[in-house]
Amino acid sequence: MDKNSKGDNRPVIELKDVWKVYDMGHIKVNALRGMTMKVMKDEFIAIMGPSGSGKSTAMNMVGALDIPSKGAIYLDGHDISKLHESDLAQIRGKKIGFIFQSFNLINSLTAMENVMLAMMFQGTDEQTRKKKAAELLTMVGLADRMHHKPTELSGGQQQRVAIARSLANDPEIVLADEPTGNLDSLSGENIMKMLMDLHHKEKRTIILVTHDKQVASHAEKIYLLKDGRIEGIKRVK
Amino acid sequence: MIKDYFKLSFRGIIKRGLRSWLTMIGIFIGIAAIVSLISLGNGLEQAITSQFSSLGSDKLTISAKGGFGMPGQGVLNPVTVDDAEAIEDVVGVDSTITRILEPVKIEINDVIEYRALASIPEDTKLMNILLDSMGLKIEKGRMLEQKDNDKIVVAYDYYKPDNVFKKQIIVGDRILINDRKYDVIGLLGKSGNPLMDGAVLMMDGPLRELIDDKERVDVIVAVVAAGFDPNKVALDIEKTLRKRRDVKEGKEDFTVQTPKQLFETVGTILAVVQVILIGIAAISLLVGGIGITNTMYTSVLERTRDIGIMKSIGARNKDILLLYLIESGLLGLTGGIVGIAAGIFLSKTVEIVANNFGISLLKAEFSLMLILFALFFSFIVGVAAGVLPARQASKLQPVEALRKK
């Protein structure tokens, strides 16, 4: 916990006038038009917007999955907006933990191996990987399901594996993209509770991307995205 | 961390089960062919080397051209005793030995076999030169002498356990040669040379009596005197024989061969045959490699989403590249391992079958080098076949890849 105990109030990710233009042959589509936002350490925020608002693109930018056409993105103080895919991958692996709507686990690997895989690309040794993966899976309540493959798990369980995986490399940010979108309401509520616990108990910085008001209301702050830019910020409570 | 990549790649191969095995067939056939061909080729070469080296490097073999089967058989214009005398007058020739090699019917224990009967010169000095140069030693009993009219010496094939005659010949046994009875008075030691191990020796005189021919010569062996170059002497003998037999240079009806020449001729033929066969095997490997490329492309398509996932959780381009290269390399290597086993099995089978038909020259020789080379080569073919698909996989954009269902 020492990493989080400094209590400093620095931005972990900052978007400055970010544009993303998709070239579709004759037409150019502006998915983002000058999106600007700043997420501070230990915050739990949501980016909310209807479909077509540029949500997915925003999530790709925040998650360092893609680079902007224009503008700058600072992750932990470093400009990542012009990096090559391989450098981006390295940063992603280390600083960002992903939770996707469709879980995105590798079906041929067990829950344990899925969690370990994220650490493998960081060069963590096998012993440490095993230990850490077991800890994380126990934390999300899957101690007895570690050696099951994703196809042998329920949706809620799969998403919990994904949460465990997202924490494997102790990231700065946990980025959850519609984490409850493929789940029934009870499992969805469970997952949201888990994310809130991560925020409150473990002081993780969490960015939630969703179209669902109800889901977004779990965050402390909601950024309203419309037509590719932030239209407003709403504080919850 | 490379170990982890191997593990992960291996899982990919296992998962595709039957398809992986089918993919490996090309490599498997290619490697099996290469291993069996090279091992048999090596074995043959070794057998031939041992045979020729036993002739000694200072002996020249002169025989008439145009026959088939054993040297000097079935030729139009055989060499003669007069030829031998003329050769003996050539500078650098110490002495000559005229020999007869006669295929004969040998009957032991009601089993009939056709083998070579070789003559031993009556002259004690020449006899010793010949026996020395062939490295023949008596194991039991004694060597032939003058006046040994109804006596023979037999080689290893006749007294080894489980021989074709179903009887281990001992000194004192009687053998029927062309329906005449001969006493075995000596057994030759095992030479390892299949032709020699099948031989029966008889003195020149009684052999001529058996074939009823006082003049015939199949082979003349010229012993080069110490200090003379066998190749130079061979040229001089050719010149003398051309004059005697009235033939022009290039149109000789005889050959003068040094053991080295003989060996080189056979070696060249062997090498050509081997190159052609290995060329065919290489085509199989190429086809196998293309099979791997194809499978790997399919695998990239099937696993686009997995690649996207791996990239999103931190896999760099080179991690994906490495994973795919290792996977295709392992496909090649596994094909190679199975291929080596099959190749060994195949060439051993050929050897055993050939031996059963009496072709004991065909022995499979496996060198560690050959096996290591085959392993390495199959891995490299696999890796090379995987380069294009692996590059494609590594260049996938994570956002695009994740969108795939």
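Which residue of E9(B) is the bridge partner of B:Leu117? In this predicted model, the partner of B:Leu117 in E9(B) is B:Val200, and that pair belongs to a set of four bridges through which E4(B) and strand E9 (residues 200–203) of chain B are joined in the parallel sense.

**Strand pairing in chain B**

Strand E4 (residues 111–120) of chain B is also joined to strand E3 (residues 101–108) of chain B, here by eight bridges and with the two strands running antiparallel. Within this pairing, B:Lys105 has B:Tyr114 of E4(B) as its bridge partner. E3(B) and E4(B) form a hairpin with two residues between them, and in its turn B:Asn109 has a positive phi of about 55°. E4(B) is thus joined in the antiparallel sense to E3(B) and in the parallel sense to E9(B). As a general matter, strands of a sheet pair through backbone hydrogen bonds, in either a parallel or an antiparallel arrangement.

Strand E1 (residues 59–64) of chain B has five of its six residues buried, and it is therefore largely enclosed by the rest of the structure. Four bridges join E1(B) to strand E10 (residues 219–224) of chain B, the two running antiparallel, and in this pairing B:Leu60 is matched with B:Ala222 of E10(B) as its bridge partner. E1(B) also pairs with strand E11 (residues 254–257) of chain B, again in the antiparallel sense and over four bridges, where the bridge partner of B:Thr61 is B:Gln257.

The pairings of chain B described above are collected here.

| Strands | Sense | Bridges |
|---|---|---|
| E3(B) and E4(B) | antiparallel | eight bridges |
| E4(B) and E9(B) | parallel | four bridges |
| E1(B) and E10(B) | antiparallel | four bridges |
| E1(B) and E11(B) | antiparallel | four bridges |

**A helix crossing in chain B**

The axes of helix H1 (residues 2–15) and helix H10 (residues 317–356) of chain B come within 8 Å of each other and cross at roughly 60°. Because angles of 65 to 115 degrees count as roughly perpendicular and those under 35 degrees as roughly parallel, this crossing makes H1(B) oblique to H10(B). In handedness, the crossing in which H1(B) passes H10(B) is right-handed. On the H1(B) side the contact is made by B:Tyr5, B:Phe6, B:Leu8, B:Ser9, B:Phe10, B:Gly12 and B:Ile13, while H10(B) contributes B:Leu322, B:Leu323, B:Ile326, B:Glu327, B:Leu330 and B:Leu331. Sorted by class, the residues of this contact are 10 nonpolar, two polar and one charged.

**The sheet of chain A**

In chain A, four strands form an open sheet in the order E2-E1-E4-E5, with antiparallel pairing. Strand E2 (27–40) and strand E5 (78–79) of chain A stand at the edges and have a single partner strand each, so that one side of each is left without a neighbour in the sheet. At the E5(A) edge, two bridges join strand E4 (residues 70–75) of chain A to E5(A), the two running antiparallel, and A:Tyr74 has A:Asp79 in E5(A) as its bridge partner. Helix H1 (residues 55–62) of chain A lies across strand E1 (11–24), E2 and E4 of that chain, running at about 130° to E1(A).

**The contact between the chains**

Across the interface, 22 residues of chain A are in contact with 18 residues of chain B. On the side of chain A that touches chain B, helix H2 (85–95) and helix H3 (111–120) of chain A each supply at least two residues, and H2(A) gives the largest share, namely seven residues. The residues on that side of chain A divide into eight nonpolar, eight polar and six charged.

**Individual residues**

A:Asp17, found in strand E1 of chain A, has a phi near 50°, a positive value in a residue other than glycine. A:Asp17 counts as partly exposed because 14 C-beta neighbours lie inside 10 Å. B:Lys166 likewise is not a glycine and has a positive phi, of about 55°, but is found in the loop between strand E6 (151–154) and strand E7 (174–177) of chain B. With 10 C-beta neighbours inside 10 Å, B:Lys166 counts as exposed.

Is A:Asp184 buried or exposed? A:Asp184 is exposed, with 12 other C-beta atoms within 10 Å, and is found in the loop between strand E7 (173–177) and helix H6 (185–202) of chain A. The C-alpha atom of A:Asp184 is separated by 8.5 Å from that of A:Gly155, and the two residues are 29 residues apart along the chain.

Definitions and conventions
Residues are numbered from 1 along each chain as its sequence is written. Chains are lettered from A and ligands numbered from 1 in the order in which they are written. This is a predicted model: local features need pLDDT of at least 70, side-chain atom pairs count only at pLDDT 80 or more; totals for chains, interfaces and linings use all residues. Two strands pair if DSSP finds at least two bridges between them. Two residues are in contact if their C-beta atoms, placed from the backbone, lie within 7 Å. Axes are lines fitted to C-alpha atoms, for helices over the stretch in contact, and angles run from 0 to 180 degrees between N-to-C directions. Ala, Val, Leu, Ile, Met, Phe, Trp, Tyr, Cys and Pro count as nonpolar, Asp, Glu, Lys and Arg as charged, and the others, Gly among them, as polar. A residue is buried if 20 or more other C-beta atoms lie within 10 Å of its own, exposed if 12 or fewer, and partly exposed in between; C-beta atoms are placed from the backbone. Angles under 35 degrees count as roughly parallel, over 145 as roughly antiparallel, 65 to 115 as roughly perpendicular and the rest as oblique. A crossing is left-handed if the near helix is turned anticlockwise from the far one by less than a right angle, and right-handed if clockwise.
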